[in-house]
Amino acid sequence: MNVTREQLLAPLKKVFGFDSFRPLQEEIIRDTLAGKDVFAVLPTGGGKSLCFQLPALVRPGLTVVVSPLIALMKDQVDALQAAGVAATFLNSSLVAGASTPRLRGLHNGEFKLLYVAPERLMLSGFLEDLKKWNVNLFAIDEAHCVSEWGHDFRPEYRQLKTVRDQFPNVPFMALTATATERVRADIVKQLQLRESDCFVASFNRPNLTYRVAAKSGSYEQIVSFIQARKGENGIIYCQARKTTEDLARKLSEDGIKSLPYHAGLTPTERSTNQEKFLRDEIRVVCATIAFGMGINKPNVRFVIHYDLPKNIEGYYQETGRAGRDGLPSECLLMFSAGDRVKQMRFIDEKPNPQEREVARAQLEQMIHYAEIGSCRREFLLGYFGETFSVNDGRDALPRVLADQQVSPTEAVNCAGCDNCLSPRATFDGTTAAQKFLSCVYRIREKSGFGVGVNHIIEVLTGADTEKVRKFGHHELSTYNIGGEHTRAEWGAIGRELIRLGFLFQNTEKFSTVEITNAGLAALKSRQKITLTKPVAPTEPQKHRAGEIACDEALFETLRALRKQLADERSLPSYIIFSDVALRQMARFYPTSDAEFSRISGVGDKKLREFGEQFLGAITEHLQTNARQIFADDFRSGSGVAPVRTRSQLSDTARETLHFFQQGKTIPEIANIRSLKDGTISSHLEEAILVGENIDVDSLVSSAARTEIAAAFQKHGFGNLGGVVESLGGKYDYGQCRLVRAALQRK
């Protein structure tokens, strides 16, 4: 079926309220309308559902969506019906008799979309019914469930190949948010996808900030984190069921409405607790990994991992439940060295040796992520085979966040993880590295085989174990030479040496560690090796760059109205309007139907159904409140910088300022702090904006200041990259940042 772009854009705006497609959506839609099999890997919040929902509206017949969770079906059907789309679902949650009118409607061709679980699809007689309902597409959501190499394998998904045999001429669409190349190949094989293009969007979620904090009174850390985010929703993932219940109870006692969610609750309890979270009746759900798959709540503002996840895939998918609406959201991982020991105990209980080795390798990757001192976003994307560059995804970012760029000559800085926002301190780890590398070398020299990290640490710390004595490792010159570090510290040092390439960990041979050529060269030459200090138990920054600035009082008014309308209809609030839509209303103050229809997510039906109430609330607000003008949009030189106070200066910027006030230059400070010149410049920029007396004239020449100021006047304060490019690279990002800050402060 060939359609014009206008034929696609019309229902996109009329039904869903959007003016344009997200990346790859249009290409996927065109392929499926052409009758092709399609495989789409789009990140959570990347718009997977629209890829099969919009085609269902523009061609005759029924689209069957295979989904693994009941909650997902009800959620999406509610949203579709609110937008005026004829959709329904069939699953075990329906009470007796509720299926009859739905089946009647399907026989009469009244529905465009049917959501169904794989078990229901395979029931005797159901496939025969489908043959009468003019099915035009099978959309397999959460397709990674079909692969035993995936992190959430479900055996019932393997049966879907039977559907392919029964409906050879009906195209298939497989969709998932997380799939390595191995999993993708398995999905194609299991679903028998025919000559399908594989559309893989970037795994980057630029609106998410990733942080890791060392556990230190973890409950108090979490309470402080949540209390600093008034009115915001979040998920806390825990490993044990009891932990979810204890945490939810304590949070509720401290005034943060919370409920647990885990597989040990009855179906009714799980459903009730989930529904309360979806309807904003509680702020936090404390859950095991049983919660969240496919939950379409777009305004989850934070995801906390109270315990270390088992693997990167699970962690990525769970963090992906934050910020589905594109607004800035936070992902906090609580980490301690003890987490590794606890997870290893569970792994050691697995009866299958191959499963144990795979699980250990996955866990080591997770620990590497928690301990790295470099960009966490770069690590995550690299795991999925994607190379991250500093400009990835910036076109889709709010300007304030997109403005945080680094020079191409600097190390990767995503401006959206703790390591990039506040780089951890480093130290001269040459002596420690020499001891560790030497111990690995001596063990191999004496025994002729490698050992694991734990055994190396036992030798370094002088442990008197049967294994150490059995192999004679207590006789080595490196035995008991590491008393200056704890076992946990040596573990972190060893893992960093692996990440730096001085050691190699062979996960296929019992995770033994071997010294590499680079490690051997460093050992012989006593090469200086810089190591990173462990993550600290600090409170994550509360400011979120990229937030849509708006009239917060009006936003709260509109949020209360949304809740009222949702409760009247027994719907989650976000099905009425997203937080993005409410923030746009509270920023642009629409007072007519034409203005209101330009708000994101406002289609024809929602304009008719809700326009009058929201326009009325905005008009009433303006009768007693002045319109606010927002200073975060520097498209022209007339923008005024938001005024901040000295107390808001970050600790790392304050340390740089201390050295600067002593008369040290930017290169000298960078050398002292083991940071880049550009990072030091950004600290001074921050100091200028909070009112510190920084003499920019001494840092940037008069001629340069004049040229840079003229470029900002032309391109706007928010377009730092454009200014640097327009000046032909004559001045670096640091110089331009300093001049801009001085101009904004004036």
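This short talk goes through two sheets, one helix with its surroundings, and a set of salt bridges in a predicted model.

Let me start with the sheet that comes from the earlier strands. Seven strands make up an open sheet with parallel pairing, and their order is E3-E4-E2-E5-E6-E1-E7. At its edges are strand E3, residues 87–90, and strand E7, residues 197–200, each of which pairs on one side only. From one strand to the next, the twist averages 20 degrees. If you look at strand E1, residues 38–41, you will find that four bridges join E1 to E7 and that the two run parallel; within that pairing, Phe39 has Cys198 of E7 as its bridge partner. Helix H3, residues 50–58, lies across strand E2 (62–66), strand E4 (113–116), strand E5 (135–140) and strand E6 (172–176), and runs at about 140 degrees to E4. Helix H5, residues 99–107, also packs on this sheet, where H5 touches E2, E3 and E4 and its direction makes about 125 degrees with that of E3.

Now to the other sheet. This one is open as well, with six strands in the order E8-E13-E12-E9-E11-E10 and with parallel pairing. Strand E8 (208–214) and strand E10 (258–261) are at the edges, and because each has a single partner strand, one side of each is left without a neighbour in the sheet. The twist here averages 20 degrees from one strand to the next. Inside the sheet, strand E12, residues 300–305, pairs with strand E13, residues 329–335, over four bridges in the parallel sense, and Phe302 stands opposite Glu330 in E13. As for the helices on this sheet, H12, residues 267–278, lies across strand E9 (233–237), E10, strand E11 (284–287) and E12, at about 135 degrees to E10, while H15, residues 353–371, lies across E8 and E13, at about 110 degrees to E13.

I would like to spend a moment on helix H19. How far apart are the end C-alpha atoms of H19, and does the distance agree or disagree with 1.5 Å a residue? The helix covers residues 430–447, which is 18 residues, so the span should be 26 Å, and the end C-alpha atoms are indeed 26 Å apart. Its buried residues are Thr430, Ala432, Ala433, Gln434, Phe436, Leu437, Ser438, Cys439, Val440 and Ile443. Their cover includes strand E14 (426–428), helix H20 (453–460), helix H22 (487–499), strand E15 (503–506), strand E16 (512–515) and helix H23 (517–525). Just after H19, Gly448 takes a positive phi of about 80 degrees. In the loop between H19 and H20 sits Gly452, which is partly exposed at a relative accessible area of 21%. The C-alpha atom of Gly452 is 9.3 Å from that of Asn506, although the two are 54 residues apart along the chain.

H19 also brings us to the salt bridges, of which the model has 41. Side chains of opposite charge can pair when their charged atoms come close. Lys446, in H19, forms a salt bridge with Glu475, at 3.5 Å from N to O. Glu475 lies in the loop between helix H21 (466–470) and H22, so this pair ties together parts that are 29 residues apart in sequence. Glu475 counts as exposed, at 56% relative accessibility, whereas Lys446, at 41%, counts as partly exposed.

Which parts of the chain does the pair of Asp604 and Lys14 link? Their side chains meet in a salt bridge at 2.9 Å, N to O, and they link distant parts, with Asp604 in helix H28 (residues 604–624) and Lys14 in helix H1 (residues 5–16), 590 residues apart. Asp604 is partly exposed, at 33% relative accessibility.

A pair within one helix is Lys242 and Asp246, whose side chains meet in a salt bridge at 2.7 Å, N to O. Both are in helix H11, residues 241–253, and because they are four residues apart, about one helical turn separates them. Lys242 is exposed, with a relative accessible area of 57%, and Asp246 is partly exposed, with 26%. These two also belong to a network of salt bridges that links Lys242, Asp246, Arg249 and Glu253.

Finally, a buried serine. Ser681 is in helix H31, residues 677–689, and has a relative accessible area of 6%, which makes Ser681 buried. Leaving aside neighbours within four places in sequence, Ser681 is in contact with Ile666, Gly734 and Leu738.

Notes:
Residues are numbered from 1 along each chain as its sequence is written. This is a predicted model: local features need pLDDT of at least 70, side-chain atom pairs count only at pLDDT 80 or more; totals for chains, interfaces and linings use all residues. Side-chain values use heavy atoms; hydrogens and water are left out. Two strands pair if DSSP finds at least two bridges between them. Axes are lines fitted to C-alpha atoms, for helices over the stretch in contact, and angles run from 0 to 180 degrees between N-to-C directions. Contact means heavy atoms within 4.5 Å. The expected span of a helix is 1.5 Å times one less than its number of residues. Buried means under 20% relative accessible area, exposed over 50%, partly exposed in between (1.4 Å probe, protein chains only). A salt bridge is a side-chain nitrogen of Lys or Arg within 4 Å of a carboxyl oxygen of Asp or Glu.
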